[in-house]
Amino acid sequence: MLDTLRRIVQEVNAAPDLQGALDIIVERVKSSVAVDVASVYLLDEEQGQFVLSATQGLRKDAVGKAQLGSSEGLVGMVCEREEPVNIEDAPSHPRYRFIHETGEDPYHGFLGVPIIQHGKVLGVLVVRQRKVRKFDEDEESFLVTLAAQLAGAITHAGASGKVTSALTQTESVSAALRGLPGAPGVAIGQAMVVYPPANLEAIPDRVAVDTDLEVNNFEAAVAAVRDDLRDYANRMSAVLPAEELALFDALLLMLGGDSLVAETVQRIREGNWAAGALRETIAQHVSVFEAMEDSYLRERASDIRDLGRRILTHMQSHPAESVEIYPDTVLVGEDISASQLAEIPLDRLAGIVCASGSSSSHVAILAQALGIPAVMGVNDMPVSRLEGRTIIADGYRGDVFVNPSSLVREEFLLLQTQETELTEALKNVAGQPSVTPDGVPVPLYLNIGLVSGGGTEVHSEGDGVGLYRTEVPFLMQDRFPGEEEQLRIYRNALQAFAPRPVTLRTLDVGGDKMLPYFPVHEDNPFLGWRGIRISLDHPEIFLSQIRAMLRASVGLNNLTIMLPMVSSVSELDIAMSLIDQAHGELLEDGMPVHRPPIGIMIEVPSAVYQIEAIARRVDFFSIGTNDLTQYLLAVDRNNSRVANLYQCLHPAVLRAIRQVVGEAHKFGKPVSVCGEMAGDPAAVLALLGLEVDSLSMSVSNLARVKWVVRSFTRNEVVGLLDQALALEEPRAIRDLYNSVLEQGGLGGLVRAGN
Ligand code: PEP
Ligand code: MG
């Protein structure tokens, strides 16, 4: 049974389009269950009809024609009940409805199982038997299991089929492909398909005839790729901040480092020709990265592949083909690398659509930093057929439209115009203070690290840094950075923003952020060895980080330190005593270090209920709503299957924040919010009503949040919060805040979100 199931699902997954998939299903089901008829009825939502979409046993010419209302007949009954309907003599059932076109007259036994995806009925799988008989339990559970597994495959096949029909029809249709939001914004333009410049995987092993010549050829190619990368980095340096440019440094480091080059040379010396040796080395490095649990690091495998292809291209001396670059290029590819992006002049790059990857892929990180809309992970995209096609990429929702109908196009053009107007309008708030109309200041700080989301001008924005994720420099290395190295990094950040405050968060690895040189394998990493827990178990790492932070602030005195993932008071006490120890040692060494303000992040529910004890020990609180939402609602923040349940405007999250603010204020301790919620205009209305003291967000959200702050009085937002807390559903709360933004003339700030 299991084998049959697996085989059918595999075959269906490999089907070129929806019809192909459905035909395979009915054929395989008919033979595996030994029935007289197997059919699939799909629900056409617009028409409210079930349409016979594939059959083995009924008349083939009825496919696409035979229809039933969505609650008609036994098929409608399966849909209504959302469970199998198993009837020994269908024609005598009161719900039976005879469909003339199918010629189904002689069939009696009926078993229908619903095909359900994400709680929605997509269709019904039906088997029929000529004789009067009830299907047995095994048959029923086989079909139920199969239908559950097929739902996803049917959705995928439907999506790629839609694209095929969009490409083959002269009058275009609206075909939406689902991906993941990579970088916000809407792009409309022409697809430029990028593909690997050389197919490294296809290179065979071959005995080197002249080893020295092979080594020379390889080393010359490495040097050429190094020059190319430096060139891209120079071009990008005008528009990217240092943290982003570090990506190119990392690539150069890989090339300069011993392993990649030296290992290839060694393989050549052992007898393989240069291309074969390169293929072997790259494959080995790729497999190391692909095995890593951390999604950020797994993505680095594609950087290694990219390097390999580039070197191969140079070795093969294929001059780069000159391709047409459209004025509104939407870069499309199976796997787009950061350097492929860098090859397109920025004034021509409208958007990015990538079949693989996620928002933590390098290319998405760069897109965010450059303000270019991006959609990642569009699995069903027939990449090779898209060159020159009109593409709409909706980076907010993760939707892609190929050959959009004029209606869809107009809708998105309108959205783009509104965005441009909004950006223009937002410029007006640039130099203005972040103060409510009734005079309450709400400082706006920046979240920085790798995803700073802005150009070099980022340092002039905001009232300081509310969250510097120090794990980022740790992630970019191949060992723990030493105290001196950290000192340099932190000093740069403190200097860039001085005299404005900069909050350095101590190392927050674990969960989905794993250091390549410090792997931790756990069944539940988000509930495991994370954040402060690692720091306290390794005081030597923690102490050197604190010493570097304290030394970096000498003469600037704009440092504040923040501790992540604190779940108990004892953790805080130990951390505080280590900070005191580091401070004391530096003073003893004659360094004029100040003891900076120290705060903790509130991101674990247990901390929400210990504010009083914690408030006596710290100077401030910052609520990490990304993790707090995940832990309060028990919803993995990285799992797309439960993404619809991850809602920062959930009443429980709002009440937790209210509790933290209320308690902290009793002790005169300020509360900031530094999760993504602080950059979400509707949620900002709630946070202002909750009377948080400041907000910290990525630079790309700063202007719109400031606009919200400057548009509503304290009384208004407090009144709104009362209304919001009277609601029970997160969706209703978001709708309330969205309608307030719209009424306030800030409709452009309303966006999709949970
Ligand atoms: C948070 O959890 O809200 C937060 C800001 O920390 P991170 O996203 O780095 O876990
Ligand atoms: Mg966190």
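Helices and strands here are DSSP runs, numbered from the N terminus. With that in hand, we can find our first residue: Glu691 lies in the loop between helix H22 (681-689) and strand S22 (694-697). Keep in mind as we go that this is a predicted model.

Let us stay with Glu691 for a moment. Its phi is positive, about 60°, although Glu691 is not a glycine. Most residues other than glycine have a negative phi, and most peptide bonds are trans. Is Glu691 buried, partly exposed or exposed? Its relative accessible area is 33%. Buried means under 20% and exposed means over 50%, so Glu691 counts as partly exposed.

Glu82 offers a second example of a positive phi in a residue other than glycine, with a value near 55°. You can find Glu82 in the loop between H3 and S4. Glu82 is partly exposed too, at a relative accessible area of 44%. For a cis peptide bond, look at the step from Ala498 to Pro499, where omega is near 5°. Pro499 sits in the loop between helix H14 (483-497) and strand S17 (502-505).

Now let us turn to the sheets. Strands of a sheet pair through backbone hydrogen bonds, either parallel or antiparallel. Begin with an open sheet of six strands, in the order S3-S2-S1-S6-S5-S4, where the pairing is antiparallel. Which strands stand at the edges? They are strand S3 (67-69) and strand S4 (85-87). Each of these has a single partner strand, so one side of each has no neighbour in the sheet. From one strand to the next, the twist averages 20°.

Look next at the edge where S4 meets strand S5 (residues 109-117): these two run antiparallel and are joined by three bridges. Asn86, for instance, has Leu111 in S5 as its bridge partner. Helix H3 (residues 73-81) packs on this sheet, and its direction makes about 40° with that of S5. Among the strands that H3 touches are strand S1 (37-44), strand S2 (49-56) and strand S6 (120-129).

The other sheet to visit is a closed barrel. Eight strands make up this barrel, running S15-S16-S17-S18-S19-S20-S21-S22, and their pairing is parallel. Ignoring direction, neighbouring strands of the barrel are turned by 25° against each other on average. To see one pairing in detail, find strand S20 (residues 620-623) and strand S21 (residues 671-673), which run parallel and are joined by three bridges.

Ser672 is a good place to pause, for this residue lies in strand S21 and is the bridge partner of Ser622. With a relative accessibility of 9%, Ser672 counts as buried. What does Ser672 touch, leaving aside its neighbours within four places in sequence? The contacts are Phe621, Ser622, Ile623, Ser694, Leu695 and Ser696.

Another buried residue is Tyr326, also with a relative accessible area of 9%. Tyr326 belongs to the loop between helix H9 (295-315) and strand S10 (329-333). Not counting residues up to four places away in sequence, Tyr326 touches Gln190, Ala191, Met192, Arg348, Glu387 and Gly388. Take Gly388 from that list: Tyr326 and Gly388 are 62 residues apart in sequence, with their C-alpha atoms 8.5 Å apart in space.

Finally, let us see how some helices meet. Two packed helices are described by the angle between their axes and the distance between the axes. Helix H12 (residues 406-427) and helix H23 (residues 702-711) pack at about 70°, with their axes 9 Å apart. That angle makes H12 roughly perpendicular to H23, and their crossing is left-handed. Leu422, Ala425 and Leu426 of H12 make the contact with Ala703, Arg704 and Trp707 of H23. Five of these contact residues are nonpolar, none is polar and one is charged.

Compare helix H24 (residues 714-725) and helix H25 (residues 730-743), which pack at about 150° with axes 9 Å apart. H24 and H25 are therefore roughly antiparallel to each other, and their crossing is right-handed. H24 brings Leu720, Leu721, Gln723 and Ala724 to the contact, while H25 brings Ile733, Leu736, Tyr737 and Val740. By class, seven of the residues in this contact are nonpolar, one is polar and none is charged.

Methods: Residues numbered from 1 in each chain as written. Chains lettered and ligands numbered in written order. Predicted model: local features only at pLDDT ≥ 70, side-chain atom pairs only at ≥ 80, totals over all residues. Heavy atoms only, no water. Axes fitted to C-alpha atoms, helices over the stretch in contact; angles between N-to-C directions. Helix = DSSP H or I, 4+ residues; strand = E, 2+ residues; numbered from the N terminus. Parallel < 35°, antiparallel > 145°, perpendicular 65-115°, else oblique. Left-handed = near helix turned anticlockwise from the far one by under 90°. Contact = heavy atoms within 4.5 Å. Nonpolar A, V, L, I, M, F, W, Y, C, P; charged D, E, K, R; others polar. Pairing = 2+ DSSP bridges. Buried < 20%, exposed > 50% of the residue type's maximum accessible area, 1.4 Å probe, protein only.
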